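Please look through the structure shown below with an eye to its backbone geometry. The paragraphs after it go from one helix to a handful of individual residues.

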Number of protein chains: 2
Amino acid sequence: METTLRAADDADRCRGATSGLGISGRTRLFAVLGAPVAQVMAPAMMNRLFAEHGVDAVLVPVEVSPGDLDAAVDGMKRIGNLDGFLVTVPHKLALCRHADHLGDAARLIGSVNAMRREADGSWSGDNFDGEGFVRGLLGADRPVAGKRFSLIGAGGAGVSIAAAVLQAGAAGLAIVDIDPSRAEALAARLDTRWPGLARAAAGPDPASDMVVNATPLGLRDGDPLPFALDGLRPGATIADIIMKPAETRLLREAAARGFGTHPGLPMLSEQIPLYREFFRIP
Amino acid sequence: METTLRAADDADRCRGATSGLGISGRTRLFAVLGAPVAQVMAPAMMNRLFAEHGVDAVLVPVEVSPGDLDAAVDGMKRIGNLDGFLVTVPHKLALCRHADHLGDAARLIGSVNAMRREADGSWSGDNFDGEGFVRGLLGADRPVAGKRFSLIGAGGAGVSIAAAVLQAGAAGLAIVDIDPSRAEALAARLDTRWPGLARAAAGPDPASDMVVNATPLGLRDGDPLPFALDGLRPGATIADIIMKPAETRLLREAAARGFGTHPGLPMLSEQIPLYREFFRIP
């Protein structure tokens with residue numbers, strides 16, 4: 001049995017050397033779904049969380065194009081040791097139809113960024129982007145209550161941010177999308193819960209205290225700015241939800257012109273405790 | 001931008017601390033498919049290989065029941081950053097139909113234990129169990145050429161071992177399976193390449209130099225022995241391909257009765273360089 005024992009020792013050393021990320025046959029799986037995925041920060045953050053709490057689980061990036069999403073998710077749900085998904089651009093709206101139960105925020109806005117398998121095999125989805133975004137603002141001493149917002153991009157993350165800033169007491173919200181009907185639909189849905197505060201608009205409200213980029217523009221080198229900075233009032237803050245690059249062209253140009261800036265990473269880092277609760281990580 | 005920079009530093013520290021297993025959005029994926037998967041040793045071995053060669057990739061265990069296999073594999077093939085599969089019990093035969101091209105061994109025996117995505121998007125499968133098993137024997141100074149073998153279990157790994165021991169010059173092979181027609185079908189297939197050497201049998205040949213357990217019996221506590229040790233000739237060697245537990249009840253009882261024993265792990269560890277070549281790991 002000498003060969004066996006020697007090889008087992010090697011395997012143990014390998015596990016030890018990877019401090020908590022020693023993947024074995026008993027490791028539970030989580031996936032972050034997106035296209036592209038090269039920019040996602042969730043693996044580093046969630047795998048550190050697992051390691052810190054002694055949880056034998058790993059989050060891996062999973063790149064799936066929109067046309068393959070339904071078959072890929074249907075297939076991955078059949079993986080017995082897969083316990084949950086995080087969801088990023090462009091799949092947050094489409095993933096809704098794969099959840100059997102939706103949390104409050106997800107139901108209102110029709111977008112999920114997290115799904116977990118329940119004990120009975122069904123799947124629950126919710127969206128923590130908005131709450132993470134608001135927590136990130138408050139943590140940076142940027143109040144939300146009583147402030148006027150403009151939101152650029154009514155996609156999967158934008159809809160969640162829209163609901164969360166209104167929930168946190170924003171005084172008004174102008175919603176801009178390249179597809180005006182999408183901005184109008186979101187404003188109408190928000191109006192059912194927070195009457196008179198949200199409206200669709202062709203561009204950022206010049207009176208905004210904060211203008212938020214929730215489009216993917218800025219993920220790639222050479223992307224155009226998601227909106228023009230001209231005409232915004234001095235003292236306004238420009239927020240971006242893009243995490244990589246950490247300083248987008250939008251934030252760089254905003255800072256150069258004297259606007260306040262707020263980067264993308266806090267929206268994710270503030271969600272980590274929310275994910276921990278949602279995924280029931282002890 | 002202070003928040004961003006601080007969080008990025010944390011992420012870098014986390015990556016550093018996991019010595020090669022720091023999973024990011026750019027990490028490539030490999031999966032080992034099985035049911036159960038708790039016992040698989042491939043993640044520790046392959047992830048060490050990736051780390052040693054500076055390859056940003058990770059192998060994770062994927063548990064899929066036979067009824068879910070086709071949909072799960074169809075779905076997982078749509079994951080853009082998934083480059084390959086390893087395959088373990090009970091999926092080695094069924095996975096064949098998901099390969100567009102089969103290597104020599106896989107085509108003869110109708111079983112794959114590894115699949116890779118080609119540049120054109122097609123999938124190639126091959127089976128290295130048999131070659132790994134034979135290399136393991138030779139590495140333990142147990143010759144194969146001229147020896148008489150009995151193989152218990154003509155499933156996904158067994159068929160590969162059968163072909164490999166004949167290829168390496170075995171003098172005869174008795175094939176035993178709980179389903180006699182499966183043993184007969186394998187003997188007939190082997191006969192086309194190595195005439196007159198393989199035959200189906202009801203139990204191990206008492207004249208065997210080596211009797212190999214290639215059934216899953218022994219994976220679980222309380223499993224019965226895969227075959228009776230009574231009547232085997234003194235000096236015979238009993239081999240098991242089960243890796244966990246390292247010492248199965250079969251090997252323990254064989255050793256107690258004075259037979260030579262050969263454990264399961266070398267079959268896998270000897271395949272690591274073969275996987276490296278197959279998956280084109282630089």
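What follows is a reading of a predicted model, beginning with a helix of chain A and moving on to chain B.

Helix α6 of chain A runs over residues 156–167, and because a rise of 1.5 Å a residue would give its 12 residues a span of 16 Å, the 17 Å between its end C-alpha atoms agrees with that expectation. The helix is mostly covered, with 11 of its 12 residues buried; the buried residues include A:Gly156 and A:Ala157 as well as A:Val165 and A:Leu166. Just after α6 of chain A, A:Gly169 adopts a positive phi of about 100°.

Most residues other than glycine have a negative phi, and most peptide bonds are trans. Against that background, chain B offers some details of the backbone to examine. The bond leading from B:Ala35 to B:Pro36 is cis, with omega near 5°, and B:Pro36 sits in the loop between β1 (28–34) and α2 (42–52) of chain B. The bond from B:Lys244 to B:Pro245 is likewise cis, with omega near 5°, and B:Pro245 lies in the loop between β11 (237–240) and α8 (249–256) of chain B.

Where, then, are the positive phi angles in chain B to be examined? B:Asp141, although not a glycine, has a positive phi of about 60°, and it is placed in the loop between α5 (129–139) and β7 (148–152) of chain B. B:Asp141 counts as exposed because it has 6 C-beta neighbours inside 10 Å. B:Arg280, also not a glycine, has a positive phi of about 55° and belongs to the segment after α10 (272–278) of chain B; with 9 C-beta neighbours inside 10 Å, B:Arg280 therefore counts as exposed.

Note on methods: Residues numbered from 1 in each chain as written. Chains lettered and ligands numbered in written order. Predicted model: local features only at pLDDT ≥ 70, side-chain atom pairs only at ≥ 80, totals over all residues. Helix = DSSP H or I, 4+ residues; strand = E, 2+ residues; numbered from the N terminus. Expected span 1.5 Å × (residues − 1). Buried ≥ 20, exposed ≤ 12 C-beta atoms within 10 Å, placed from the backbone.
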